[in-house]
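Trainee: I am new to this structure and would like a close look at a single part. Please take the strand that carries both an aromatic contact and a salt bridge, and work outward from there.

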Amino acid sequence: MAALLAGAATIALLTSPASAQQAAQPAADQADQTRKTEDTKPAPAGATLLDKILVISRTGETAIESLASASHVDQEQLDRRMATTPNEMLLGVPGVAVQADARRVSSSINIRGLQDFGRVAVIVDGARQNFQRSDHGTQSTFYVDPELIKSVDVIRGPTANTYGSGAIGGVVFFDTKDAVDFLRSGETWAGSVTGRYESNGKGWTASASGAYKFNDDLDVLGNIVYRDYGDYKNGSGDTVAGTGFDVLSGLLKTTIRPSENSELKLGWVGSSDGWTETSGGVPANDVDLKSNTFTARYNITDDAKSWLDLHINASYNKTNLDLTTLVPQNRFDPSTGLPVLLPVGSTSTFDVGTAGVDIWNTSRFETAGVAHELTYGGDWVGDDVETGGTAGGDSFYTPSGKRSVSGAYIQDKLTWDWLEVIAGLRYDNYSLEDSTHETSGDRLSPRITVGVTPFESASLAGLQFYGTYAEGYRSPSLTETLISGNHPAGVTFPFLPNPNLRPETGKTTEFGVNYKLKDLIEAGDAFRLKAGYFHNDVDDYIEGVTLSAFDPTSGCPFGPGIPICFQYQNVAQAKINGFELESVYDAAWGYAGLSASIINGHTISDEGERADLATIPSSQVTGQLGFRFLQDKLTVGGEVQYNGKPKGNPVAKDYTLVNAFASYQATDNLKVDFRADNLFDVKYTNPLNGGTTAVIYEPGITLKLAATMRFGG
């Protein structure tokens, strides 16, 4: 640890121009920032989005205080976005992109060019979302209904290594609603109903919520959401087949307060989704997906005992996906590679169960004038994958097996006057197996961060510089290690397992600046800014590789199909760098925000060959502007987002999207929302879908209109 601290002595300081954060609605007062009460007023100036406590933070930090690239999306923003999918919830968050292809109910999150197979830890109320299905598009997918979510926290890069193993890209934490967020002051019960219509992929969303407070120590919240949408049209007016879906989602959550200093949250989040997969524009498979997540989160904190801030989380997530063929399909036998006919009604099943335990404590104390926040803990996640179905079905290419990943860590945050130092060390261990293979590994990963606040003048007292070096460790997934059989359709060739696959190690260097200032232009306004540059070297990066059967050293045998094989292998290194900015200005009249991210990346093979990294998303600049009228009952505004084509992407183009929104609180119990997405009907595609078998164009102009009625007593 001493060596790590000594190595930070030469950190350079970075200054940056003003920049970018997704625009922020004012929040409730910081002392009660998550409760929505009847007498809640617009936040006093200075209570901006970047001042919100990060739910994921293990030392009680706000985004602006965090010496890391962290972002927060709160309930006000989620309401304004009228999100149907996770992609819409994360609009404008720098460094974050979402891939969903035509199956937009299931998404894969990309942070700084890294995604799939656990590189980004997606967490719902403390439960890891590890569902995976081998396919041409997204590999690791999840779905959570935006109506159930009250906030989203994002931490980019392996500085998030206290939040679980494998997150070399970062962490996205979805926090669901609580009764305390729904009940107003003095109420013991409340309910609401929401109806929403969307013009593109014409359909409805219906949502109902109810909360009951038994006493100060026990409350409960329930929510049910149903969505039913048809296929949408792209910017050219062409219908995109297979994009319709219907989904039923629900939430049940109770909070128990056993004592003045402790709290237990028990929750269930579930969904039942259905959609149709197409092949060549023709319906091919009927898809039925059911997901259930169970969580228990316990915290005990005693101000009189500064050493005690204990958290114990336990979770279990079960996802079942069933495919049923709608038309006869010419396939290849997974064992022999010979042609077979898959009749109508053939099935494929994907069952993934993920259990997890996460325990940590933070002790706060002081030595020689230096304040310490010492956080220590451990976590375990286990995946149990079972696939099956008709011979020749898709499930044979997602292997069954078990994987166990565990870790322990210690981190000390030291604060002395203008200097802040965070030093941490994490130990990771993994093992995975099926009926014929078994592999394991472990590693120590360090983190060191130094932050300085060097100025005392009123205008510069809120200026802070920081530098970080952090490492993360990702074990190979079951699919990457054990995939086998023959390609199912089109042409046949073998998939080769690779039990000797090595884990990935992410090594990130980051320099950043935080800045907060009040009374910038007028009394009571506030300005917040975060900006940073990062460079991430991923050693032993895992990528799918095509091998030639004509090369005797490749290990690829001649088979009944074309003379190639597919295998996941360790590329020598992936190099990713970029620049991210987020800022917001908040005043009585409204707010203005600007966010930006520029990301570049490539791989380098053992032979020194350089290739563009296919998972690099668009570079983005997002501007947002909102105005408040009628004593803040009416908010109107818009968003403009420019997306730049990633280098080397064969299908992507530059494009600009314009959105508009309005929200009117007509009475205390009636709210009306309107939104127009892609106002100028631009035809565009997500660059992350460039590796799929067909180019998927995103929705054209989409109008949304919603009304919410509330009642309580």
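Mentor: What follows starts at strand E7 and then turns to other side-chain contacts and to confidence. The model is predicted, with a mean pLDDT of 87 for the protein and 92% of its residues at 70 or more.

Strand E7 covers residues 170-176 and holds Phe-174. The ring of Phe-174 pairs with that of Phe-142, with 5.5 Å between the centres and 45 degrees between the planes, a tilted arrangement. Phe-142 lies in the loop between strand E5 (127-128) and strand E6 (149-156), so this pair ties together parts that are 32 residues apart in sequence. Phe-142 and Phe-174 are both buried. Theirs is one of 16 aromatic pairs in the structure.

Asp-175 meets Arg-297 in a salt bridge, at 3.2 Å from N to O. Because Asp-175 is in strand E7 and Arg-297 is in strand E13 (residues 282-302), the contact joins parts that are 122 residues apart in sequence. Both Arg-297 and Asp-175 are buried. Asp-175 and Arg-297 also belong to one network of salt bridges with shared partners, whose members include Asp-125, Lys-150, Asp-178 and Lys-265. The structure has 46 salt bridges by count.

Another salt bridge joins Asp-586 and Arg-628, again with 3.2 Å from N to O. Asp-586 is in strand E27 (residues 564-587) and Arg-628 in strand E30 (residues 619-629), so parts 42 residues apart in sequence are tied together. Asp-586 and Arg-628 are both buried.

Lys-671 and Asp-79 form a salt bridge as well, their closest N and O atoms being 4.0 Å apart. Lys-671 sits in strand E33 and Asp-79 in helix H2 (residues 75-81), 592 residues apart. Buried is under 20% relative accessible area. Lys-671 has 18%, so this residue is buried, whereas Asp-79, at 25%, is partly exposed.

Charges also sit over rings: the charged end of Arg-80 lies over the ring of Phe-661, 5.2 Å from its centre. Arg-710 places its charged end over the ring of Phe-182, also 5.2 Å from the centre.

Confidence varies along the chain. Strand E33 (residues 670-677) has the highest mean, 98, and helix H1 (residues 2-7) the lowest, 34. Over residues 1-46 the pLDDT is below 50, although this stretch has 128 contacts in the model beyond near neighbours in sequence. Where pLDDT is low, predicted coordinates should not be read in detail.

Terms used: Residues are numbered from 1 along each chain as its sequence is written. This is a predicted model: local features need pLDDT of at least 70, side-chain atom pairs count only at pLDDT 80 or more; totals for chains, interfaces and linings use all residues. Side-chain values use heavy atoms; hydrogens and water are left out. Rings of Phe, Tyr and Trp (its six-membered ring) pair if their centres lie within 6.5 Å; planes under 30 degrees apart count as stacked, over 60 as edge-to-face and the rest as tilted. Helices (H or I, at least four residues) and strands (E, at least two) are DSSP runs, numbered from the N terminus. Buried means under 20% relative accessible area, exposed over 50%, partly exposed in between (1.4 Å probe, protein chains only). A charge sits over a ring if NZ of Lys or CZ of Arg is within 6 Å of the ring centre and within 35 degrees of the ring normal. pLDDT is the predictor's confidence in each residue, from 0 to 100. Contact means heavy atoms within 4.5 Å. A salt bridge is a side-chain nitrogen of Lys or Arg within 4 Å of a carboxyl oxygen of Asp or Glu.
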